[in-house]
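Got your viewer open and a selection box ready? Here is a short tour, stop by stop, with what to pick and what you'll find there.

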Amino acid sequence: MADLFAYTDGACSGNPGPGGWGVLMRATEDGTIVKERELSGGEALTTNNRMELCAAIAALETLSKPSTITIVTDSAYVKDGITTWIHDWKRKGWTKKGLKNIDLWQRLDAAQARHQVTWEWVKGHAGHPENERADELARAGMAPFKPGKARP
């Protein structure tokens, strides 16, 4: 059985500003890559945190059946939010004062509910090849929304 990984990243030019998200999906068997898929997208006016969340959501929502997956992110916001903070938010009915991105947190919570997810954090921009590729995909997702670029 293959091991499934999703390397995710978000990017923003200005915060808020045009942003993008990227995902490198990879299946491996005995350490050998057997399948890869790349995903990306973006928005004209967003924040870096929203794009980080969108990347993780896209990784989980693209899976056609319940899966065991490791999501690797360079966002402590995403990792800590989904593994620790979310329990308190849900217990309090999502009413925590100042809680931002509730729509995406709820979507991420629903997306992960059908899977067995392990969350890992890696330092961003530190030469991690898969994280660097996810960053490239996020920047590509942002590109059409930057000033002077044709809109899709």
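The stops below go from strands to pocket, then on to helices, salt bridges and rings.

Before you start clicking, keep in mind that this is a predicted model.

**Stop 1: the first hairpin**

Select residues 3–12, which make up strand β1, and add β2. The two run antiparallel and pair over 10 bridges. For a single rung of that ladder, pick D9 in one strand and look across to G22, its bridge partner in β2. Now go to the turn: four residues sit between the strands of this hairpin, and G14 has a positive phi near 90°.

Stay on β2 for a moment, residues 17–29, and colour by accessibility. How many of its residues are buried? The count is 12 of 13, so call the strand mostly covered, with buried taken as under 20% relative accessible area.

**Stop 2: the second hairpin**

Next, add residues 32–46, strand β3. β2 pairs with β3 as well, again in the antiparallel sense, this time over 12 bridges. Click E29 and you should find T32 of β3 standing opposite. The turn here has two residues between the strands, and D30 in that turn shows a positive phi of about 50°.

**Stop 3: the largest pocket**

Hide the cartoon and switch on a surface. Rolling a probe the size of a water molecule over the atoms shows where empty space is left. The largest pocket holds about 560 Å³ of space. Which residues lie nearest its centre? Select L4, A27, L63, S67 and T68; the full lining runs to 20 residues. Bring the cartoon back, and you can see which elements give two or more residues to that lining: β1, β2, β3 and β4 (68–73).

**Stop 4: helix α1**

Select residues 48–61, the 14 residues of helix α1. If you like a sanity check, put a distance between the end C-alpha atoms: they are 20 Å apart, and 1.5 Å a residue gives an expected span of 20 Å, so the two agree.

Is this helix mostly covered or mostly open? Mostly covered: 11 of its 14 residues are buried. Among the buried ones are R50, M51, E52 and C54, and the run of A55, A56, I57, A58 and A59 is buried too.

**Stop 5: salt bridges between helices**

Side chains of opposite charge can pair when their charged atoms come close. Throughout the model, the count comes to 10 salt bridges. Three pairs and one network are worth showing as sticks.

Begin with E61 and R107, whose closest N and O atoms are 2.8 Å apart. E61 belongs to α1 and R107 to helix α3 (residues 102–113), so this contact ties together parts that are 46 residues apart in sequence. Both ends are partly exposed: E61 has a relative accessible area of 40%, and R107 has 40%.

Then show D109 and K90, a salt bridge at 3.1 Å, N to O. D109 is in α3 and K90 is in helix α2 (residues 76–91), so the pair links parts 19 residues apart in sequence. Compare the two ends: D109 is buried at 17% relative accessible area, while K90 is partly exposed at 39%.

**Stop 6: a salt bridge inside one helix, and a network**

Move to helix α4, residues 129–142. R133 and E136 form a salt bridge of 2.7 Å, N to O. They are three residues apart, about one turn of the helix. R133 is partly exposed at 29% relative accessibility, and E136 is partly exposed at 44%.

Before leaving the charged groups, select R26, E36 and E130 together; these are linked in a network of salt bridges.

**Stop 7: the rings**

Finish with the aromatics. A search of the whole structure turns up six aromatic pairs. One is F5 with Y7, a stacked pair with 6.1 Å from centre to centre and 15° between the planes. F5 is partly exposed at 22% relative accessibility, whereas Y7 is buried at 10%.

For the last selection, take Y77, W85, W89, W94 and W105, and show their rings: together they form one aromatic cluster.

Key. Residues are numbered from 1 along each chain as its sequence is written. This is a predicted model: local features need pLDDT of at least 70, side-chain atom pairs count only at pLDDT 80 or more; totals for chains, interfaces and linings use all residues. Side-chain values use heavy atoms; hydrogens and water are left out. The expected span of a helix is 1.5 Å times one less than its number of residues. Buried means under 20% relative accessible area, exposed over 50%, partly exposed in between (1.4 Å probe, protein chains only). A salt bridge is a side-chain nitrogen of Lys or Arg within 4 Å of a carboxyl oxygen of Asp or Glu. Rings of Phe, Tyr and Trp (its six-membered ring) pair if their centres lie within 6.5 Å; planes under 30 degrees apart count as stacked, over 60 as edge-to-face and the rest as tilted. Two strands pair if DSSP finds at least two bridges between them. On a 1 Å grid over the protein atoms alone, a cavity is a set of points where a 1.4 Å probe fits but cannot get out, and a pocket is an open set with protein on both sides within 12 Å along at least five of seven lines; lining residues have an atom within 4 Å of a point. Grid points are joined across faces, edges and corners, and a volume is the space filled by probe spheres set on the points.
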